[in-house]
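Trainee: I am new to this structure. Please take me through a few of its contacts.

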Amino acid sequence: FKGLLMGLFFLSVGMGIDLRALLAQPVWIPLSVAGLFALKGLIVTVLLRVFGLSWGRASEGGLLLGQGGEFAFIVIGLALSFELIARPVGQFMLIVVGVSMLIAPLVARLGQGLGDAIDRRMPPARLPEDVALGALDGHVIIAGYGRVGQMVGQMLAEQGVRFVAIEHDAKTVALHRKAGAALIFGDASRPELLRKLHIERARAVVLTMDHTAAATHAVQGIRRIEPRMYIIARSRDEKHALLLREAGASIVVPETLE
């Protein structure tokens with residue numbers, strides 16, 4: 001239902017855009033889209049840097065969030081209906097927002113590469129959380145601390161193997177931290193987080209998340225900084241398993257055999 005409603009929304013928005021305005025402004029529209037990304041990207045980058053992200057990840061976030069949002073369609077549409085702005089101006093703004101959203105995936109991919117390059121040139125400083133983790137060596141990194149991740153953590157603890165888990169759900173992190181688990185909030189594909197967990201000294205990485213794209217991105221992120229790391233990944237089905245192997249996973253375990 002969510003997909004159908006989103007499709008209906010964007011279809012109705014697209015029907016309200018006059019494409020002749022795009023042909024009439026072949027120079028100003030691309031320049032305006034670039035200006036929108038530059039202005040929003042700069043503001044978001046500075047804010048993310050102020051709130052503690054590295055310059056690389058802040059730049060990636062700025063480009064990721066630099067496009068116009070779907071709420072702009074509603075605001076501009078209302079402004080046009082109440083004749084608060086001229087129709088040519090409104091059509092121009094709608095096209096700029098629409099084009100910025102259209103190219104957002106490409107800009108996000110460029111932002112990830114740019115962020116990695118910046119972090120390689122300007123390595124992020126040691127974060128305060130490193131002290132709480134203590135000396136990490138010969139440990140296992142678990143990405144995803146849901147049902148399967150907790151089972152793997154319990155098994156490792158029983159065998160006397162130290163582990164550190166990464167989880168993207170803040171509630172799960174808060175809950176298990178109270179119980180004394182070594183749990184870090186974040187994205188397992190982010191290079192600065194993996195370096196903070198001293199992935200270069202880890203025995204292996206176990207990916208237990210059930211989200212297909214997240215697991216694939218995590219494998220790719222690990223391989224970028226540690227090409228020889230031993231990666232054990234959970235897959236949903238055979239298609240997902242093939243994607244994980246192609247991304248660089250050492251062993252893929254289907255859900256039915258987990």
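Trainee: Which residues in α6 do E70, A72, F73, I76 and L80 in α5 meet?

Mentor: This is a predicted model, where local features need pLDDT of at least 70, side-chain atom pairs count only at pLDDT 80 or more, and totals for chains, interfaces and linings use all residues. Residues are numbered from 1 along each chain as its sequence is written, and side-chain values use heavy atoms, with hydrogens and water left out. Contact means heavy atoms within 4.5 Å, and helices are DSSP runs (H or I, at least four residues) numbered from the N terminus. Those α5 residues meet R87, G90, M93, L94, V97, G98 and M101.

Trainee: Is α5 roughly parallel or antiparallel to α6?

Mentor: The axes, lines fitted to C-alpha atoms over the stretch in contact, give angles from 0 to 180 degrees between N-to-C directions. Helices α5 (residues 70-81) and α6 (residues 87-102) pack at about 170°, their axes 10 Å apart. Angles under 35 degrees count as roughly parallel, over 145 as roughly antiparallel, 65 to 115 as roughly perpendicular and the rest as oblique, so α5 is to α6 roughly antiparallel.

Trainee: How many residues apart in sequence are the parts that R57 and D116 tie together?

Mentor: The side chains of R57 and D116 form a salt bridge (3.0 Å, N to O), that is, a side-chain nitrogen of Lys or Arg within 4 Å of a carboxyl oxygen of Asp or Glu. R57 lies in helix α4 (residues 55-64) and D116 in helix α7 (residues 104-121), so the parts are apart by 59 residues.

Trainee: Is D116 buried or exposed?

Mentor: Buried means under 20% relative accessible area, exposed over 50%, and partly exposed in between (1.4 Å probe, protein chains only). The relative accessibility of D116 is 8%, so D116 counts as buried.

How values were computed:
Helices (H or I, at least four residues) and strands (E, at least two) are DSSP runs, numbered from the N terminus.
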